[in-house]
Amino acid sequence: MTHVRVTGLTKRFGTVEAVGDLDFDVTPGVTGFLGPNGAGKTTTLRIVLGLIRPTAGAATIDGRRYAELRHPRRAVGAVLEATGFHPARTARQHLMVLATAAGIPAERVDRVLDQVELTAAAQRRVGGFSLGMRQRLGLAGALLGDPGVLILDEPANGLDPAGMAWLRGLLRSLAGEGRTVLVSSHVLAEVDRVADRVIVISGGRLRFAGLSDEGGLEPMFLRLTKETR
């Protein structure tokens, strides 16, 4: 079973503690990763992806730190922000560069373009893409290696209502295939509709991990984070 485990995770930047002693597991299905601005969500995700070293504790994927994975893109796909695209490259060229660097078969490029519904825009330059299209392209890059784990930070940003409905269906489909999907988002209504479980952090500390209340995610979120807002 593919899973992400965070144990005793702490990160300090000088005298500021961004996250403190976090413990949680993310298992197959869709897990919403929630918290107010400055809660430590992005710091935690960056530690999981090996972009930041923790001060203490560990974050592992199937028992290994990201840096220890033999084929990272085949194990984990991630979208942290809809940037990092060369504006003069087409969508297909962008994905071909990623596939070549990771040793992923070229045929996966057309597969993921279709999966995120960008086939018709495959030969368009990314510089002319809307934010929503760049989000889809980022998702395509995350899916290139056919990973068991997906880590997505605000994937609905820039999507119109139809795009959000499409994203919801994609996430549920990926979960149905047995993948582990961790989604950080401020769009609580969407998380409530798509997530199997939620993790709430605030002030760098874990406030909740489990099923959301039957009364709805927003009241629960506001109650859990009230003291640190």
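**Entry 1. The largest pocket**

I looked up the largest pocket and noted about 440 Å³ of space in it. Its lining has 18 residues, and those closest to the centre are Arg73, Ala78, Val79, Leu80 and Gly138. I keep in mind that the model is a predicted one.

Which elements supply at least two residues each to this lining? I found β5, α3 and α5. The largest share comes from β5, with four residues. I then sorted the lining of the largest pocket by class: 10 residues are nonpolar, six are polar and two are charged.

**Entry 2. The second largest pocket**

I went on to the second largest pocket, which holds about 160 Å³ of space. I listed its lining as Ile47, Val48, Gly50, Ile52, Arg53, Pro54, Ala58, Ala59, Arg65, Tyr66, Ala67 and Glu68. Two elements give two or more residues to it, α1 (41-48) and β4 (56-61). By class I wrote down eight nonpolar residues, one polar residue and three charged residues.

**Entry 3. Helix α1**

Since α1 had come up in the lining of the second largest pocket, I checked how covered this helix is. Is α1 mostly covered or mostly open? It is mostly covered, with six of its eight residues buried. I noted the buried ones: Lys41, Thr43, Thr44, Leu45, Ile47 and Val48. Of these, Ile47 and Val48 are also in my list for the second largest pocket.

Gly50 is in that list too. I found Gly50 just after α1, with a positive phi of about 75°.

**Entry 4. The cavity**

I looked for enclosed space next. How many cavities of 30 Å³ or more are there? I count one. The largest cavity has about 130 Å³ of space. Its lining is made of 15 residues, and Leu167, Leu171, Val183, Glu190 and Val194 are the closest to its centre.

The elements that give this lining two or more residues are β3 (29-34), α6 and α7 (188-194). The largest share, four residues, is from α6. By class, the lining of the largest cavity divides into 10 nonpolar, three polar and two charged residues.

**Entry 5. Strand pairing**

I turned to strand β1 (residues 4-13). It pairs with strand β2 (residues 16-26) in the antiparallel sense, over seven bridges. Which residue of β2 is the bridge partner of Val6? I found Phe24.

β1 and β2 form a hairpin, and two residues lie between them. One residue in the turn is Gly14, with a positive phi of about 65°.

β1 also pairs with β4, again in the antiparallel sense. I noted five bridges for β1 and β4. Here Val4 stands opposite Ile61 in β4.

**Entry 6. Positive phi outside glycine**

Gly14 and Gly50 have positive phi, so I asked about other residue types, because most residues other than glycine have a negative phi. Two residues went into my notes.

The phi of Asp146 is near 55°, and this residue is not a glycine. I placed Asp146 in the loop between α5 (131-143) and β6 (149-153). Is Asp146 buried, partly exposed or exposed? Its relative accessibility is 42%. Buried means under 20% and exposed means over 50%, so Asp146 counts as partly exposed.

Glu154 also has a positive phi, of about 50°, without being a glycine. I found Glu154 in the loop between β6 and α6 (161-176).

**Entry 7. Thr90**

Where is Thr90? I found this residue in the loop between β5 (76-79) and α3 (91-102). Both β5 and α3 had already appeared in my notes on the lining of the largest pocket.

Why does Thr90 count as buried? Its relative accessible area is 8%, and the cut-off for buried is under 20%, so Thr90 is buried.

I then looked up what Thr90 touches, leaving aside its neighbours within four places in sequence. I noted contacts with Ala122, Gln123, Arg124, Arg125 and Val126.

Last, I looked up the distance from Thr90 to Met133. The two residues are 43 apart in sequence, and their C-alpha atoms are 12 Å apart in space.

Notes
Residues are numbered from 1 along each chain as its sequence is written. This is a predicted model: local features need pLDDT of at least 70, side-chain atom pairs count only at pLDDT 80 or more; totals for chains, interfaces and linings use all residues. Side-chain values use heavy atoms; hydrogens and water are left out. Buried means under 20% relative accessible area, exposed over 50%, partly exposed in between (1.4 Å probe, protein chains only). Contact means heavy atoms within 4.5 Å. On a 1 Å grid over the protein atoms alone, a cavity is a set of points where a 1.4 Å probe fits but cannot get out, and a pocket is an open set with protein on both sides within 12 Å along at least five of seven lines; lining residues have an atom within 4 Å of a point. Grid points are joined across faces, edges and corners, and a volume is the space filled by probe spheres set on the points. Ala, Val, Leu, Ile, Met, Phe, Trp, Tyr, Cys and Pro count as nonpolar, Asp, Glu, Lys and Arg as charged, and the others, Gly among them, as polar. Two strands pair if DSSP finds at least two bridges between them.
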